[in-house]
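Hi,

Here is the structure I promised to send over. Have a look at it first, and my notes on its charged side chains follow underneath.

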Amino acid sequence: MTVPVWPATLPQVFLRDGYDAQGADNLIASSVSIGPAKVRRRTTAAVKPLSGSMIMSSAQFQVLIDFIENDIADRAKAFTFPDPHGGSPLLARMTQPIKEASVGADWRIQIVLEVLP
């Protein structure tokens with residue numbers, strides 16, 4: 001099975017304005033009767049939230065809609081996405097529908113992802 005790839009005709013980086021990345025919240029703590037809580041790793045396969053905006057032309061916006069509807073089955077499938085820091089492509093999944101707002105003749109698209117292990 002082939003993993004879908006973020007289309008090369010779409011922007012490859014998020015705008016700095018509104019970019020948000022977080023580390024995985026992967027700890028679980030248990031209370032004890034005396035002393036500090038016992039803390040351990042919850043899993044070795046934690047997801048990391050990643051979100052941001054991109055400016056797209058109307059043609060690019062249509063490519064994005066086609067990618068979402070057909071390639072990733074309305075957000076059900078994971079896909080490779082360019083690493084915002086220039087590393088290897090990330091395996092990611094869209095966790096929310098995209099949000100769009102017009103910016104002159106273009107579109108500002110808000111995308112919310114989870115980076116998979």
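The count of salt bridges comes to two. Keep in mind that this is a predicted model. As background, side chains of opposite charge can pair when their charged atoms come close.

One of the salt bridges is between Asp17 and Arg108, with the closest N and O atoms 3.3 Å apart. Asp17 sits in the segment before β1 (20–21) and Arg108 in strand β8 (residues 106–115), so this pair ties together parts that are 91 residues apart in sequence. How open are the two partners? Asp17 counts as exposed, at 54% relative accessibility, while Arg108 is partly exposed, with a relative accessible area of 25%.

Strand β8 turns up again in the other pair: Glu114 and Arg93 form a salt bridge at 2.8 Å, N to O. Here Glu114 in strand β8 is linked to Arg93 in strand β6 (residues 90–94), and the two are 21 residues apart. Is Glu114 buried or exposed? Its relative accessibility is 17%, and buried means under 20%, so Glu114 counts as buried. Its partner Arg93 is partly exposed, with a relative accessible area of 28%.

There is also a spot on the surface to look at. Which residues make up the patch of negative charge there? They are Asp66, Glu69, Asp71 and Asp74. Of these, Glu69 lies in helix α1 (residues 58–71) and is partly exposed, its relative accessible area being 47%.

Cheers

How values were computed:
Residues are numbered from 1 along each chain as its sequence is written. This is a predicted model: local features need pLDDT of at least 70, side-chain atom pairs count only at pLDDT 80 or more; totals for chains, interfaces and linings use all residues. Side-chain values use heavy atoms; hydrogens and water are left out. Patches are made of residues with over 30% relative accessible area and no salt bridge: like charges are joined within 9 Å, nonpolar side chains (Val, Leu, Ile, Met, Phe, Trp, Tyr) within 5 Å. Accessible areas come from the Shrake-Rupley method with a 1.4 Å probe; for residues, only the protein chains shown count as cover. A salt bridge is a side-chain nitrogen of Lys or Arg within 4 Å of a carboxyl oxygen of Asp or Glu. Lys and Arg count as positive and Asp and Glu as negative; His and the chain ends are not counted. The place of a charge is taken as NZ of Lys, CZ of Arg, CG of Asp or CD of Glu. Helices (H or I, at least four residues) and strands (E, at least two) are DSSP runs, numbered from the N terminus. Buried means under 20% relative accessible area, exposed over 50%, partly exposed in between (1.4 Å probe, protein chains only).
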